[in-house]
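Open the model in your viewer and keep the selection tool at hand. The tour goes from single residues to the whole pair of chains.

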Protein chains: 2
Amino acid sequence: MQIAIVVYDRFTALDAVGPYEILSRLPGAETVFVAERTGPVRTDTGALAVTADQALDEVRGPDLLVVPGGPGTVDQLKNPALLDWLRAADATSTWTTSVCSGSLLLAAAGLLRDRRATSHWAALDLLKEFGAAPTGDRVVTDGKYVTAAGVSAGIDMALTLTGRIAGDEHAQAVQLLTEYDPQPPYDAGSPHKAPAHLVEELRTGGRFSLT
Amino acid sequence: MQIAIVVYDRFTALDAVGPYEILSRLPGAETVFVAERTGPVRTDTGALAVTADQALDEVRGPDLLVVPGGPGTVDQLKNPALLDWLRAADATSTWTTSVCSGSLLLAAAGLLRDRRATSHWAALDLLKEFGAAPTGDRVVTDGKYVTAAGVSAGIDMALTLTGRIAGDEHAQAVQLLTEYDPQPPYDAGSPHKAPAHLVEELRTGGRFSLT
């Protein structure tokens, strides 16, 4: 089973590395980081680069496709090379997945039309404009399309998918291996739980730039 | 504030990228991935490489030090270049942190003697042999030393530390930004919760190799 994780300039690292850490433990998995060109690809903060070992045109027919999000999504929405590749890869994939605003790329490629899907909470309205049917859920499965909410939600998506592909026991073993027994020190991880003024600050870019 | 994240051959990606994603959002943070030599450093699966932008001897006096773990830890325990650098960096750091078996490296450098600390659940016994006082907690703070349990626990460690450094509100904003509202589909993330036979399989390397 070939797993292709697509990266591009200014993607969000954890969007890709969360699912990578879980899915690469699937029995028989061969995981590859792929980008328009091979070589280092910088994440959104500029402080981290990951290596794309293969170029898009070298990866044909991955079984499982992972599309992370991040501020760089906006530029990729207008990149026909990436969108064409997503359509081609999706045509033969067994699973097509995304994390965070990665679902906008799937939607822009026309792959989520009228499908239930999710995205970063701040991108759900835009996801609807691209023709998908957004839900506020953390992990959404519609046929072979599995989309995750923002950044860290890719871990939950990947564990869910691992259970579907390799069974509950294997998924539990991976959860134990990665000691995924989360104990966040705060309970502010969703717009329904965080203080309202923080939600507003993030929406308007007042504290961090989301793009 | 300079944050140095140390990487080495066959580290575990999420050990480093979890804290990176959270801590690099600290106000005024300058984050750098550092290794013995600059260039790509392969993670434990072989499928992912991250770029070390600076060599150990280029990074002197980071304010915050992050040491991830992984199967490659075993080799680094005998690497005087790394252990010497850890001692030197720790001498002037404000915070010295680790994730997973990264605490073994801190302990091997003599930095955790008789200190409360944690590690991957399968490495706690070894941590004790290196002179620390292991606890089974997910995040342990003893003075300026903040250690996290296995792999995913680095996210909780980093959020806890963000609260200490920049205040609760900033930590909550980062939690919201990264939509860290975990909803694991299973409850098998600690040896106290997972089926006993899986704990045994992982301890004995029957399912995954931990080294």
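Is Val151(B) buried or exposed? Select Val151(B) and show its surface. Its relative accessibility is 5%, so Val151(B) counts as buried, the cut-off for that word being under 20%. Keep in mind that this is a predicted model.

Now find where Val151(B) sits along the chain. It lies in a loop of chain B, with strand S11 (145-148) on one side and helix H6 (153-166) on the other. Look at its backbone there: phi is positive, about 40°, although Val151(B) is not a glycine. For background, most residues other than glycine have a negative phi.

Next, move to chain A and select Glu179(A). This residue belongs to the loop that joins helix H7 (168-177) to helix H8 (196-203) of chain A. Its phi is also positive, near 45°, and Glu179(A) is likewise not a glycine. Glu179(A) is buried, because its relative accessible area is 7% and buried means under 20%.

Now zoom out and display both chains. How many degrees of turn lay chain A on chain B? A turn of 180° does so, with a shift of 0.0 Å along the axis and an RMSD of 0.0 Å. The two copies are therefore related as by a two-fold rotation axis. Of the contact residues of chain A, 99% recur in chain B, so that the same surface serves both copies.

For the last stop, select Val50(A). Of the residues of chain A, Val50(A) comes closest to the rotation axis, with its C-alpha at 2.2 Å.

Terms used
Residues numbered from 1 in each chain as written. Chains lettered and ligands numbered in written order. Predicted model: local features only at pLDDT ≥ 70, side-chain atom pairs only at ≥ 80, totals over all residues. Heavy atoms only, no water. Least-squares fit on C-alpha atoms with pLDDT ≥ 70 in both. Contact = heavy atoms within 4.5 Å. Helix = DSSP H or I, 4+ residues; strand = E, 2+ residues; numbered from the N terminus. Buried < 20%, exposed > 50% of the residue type's maximum accessible area, 1.4 Å probe, protein only.
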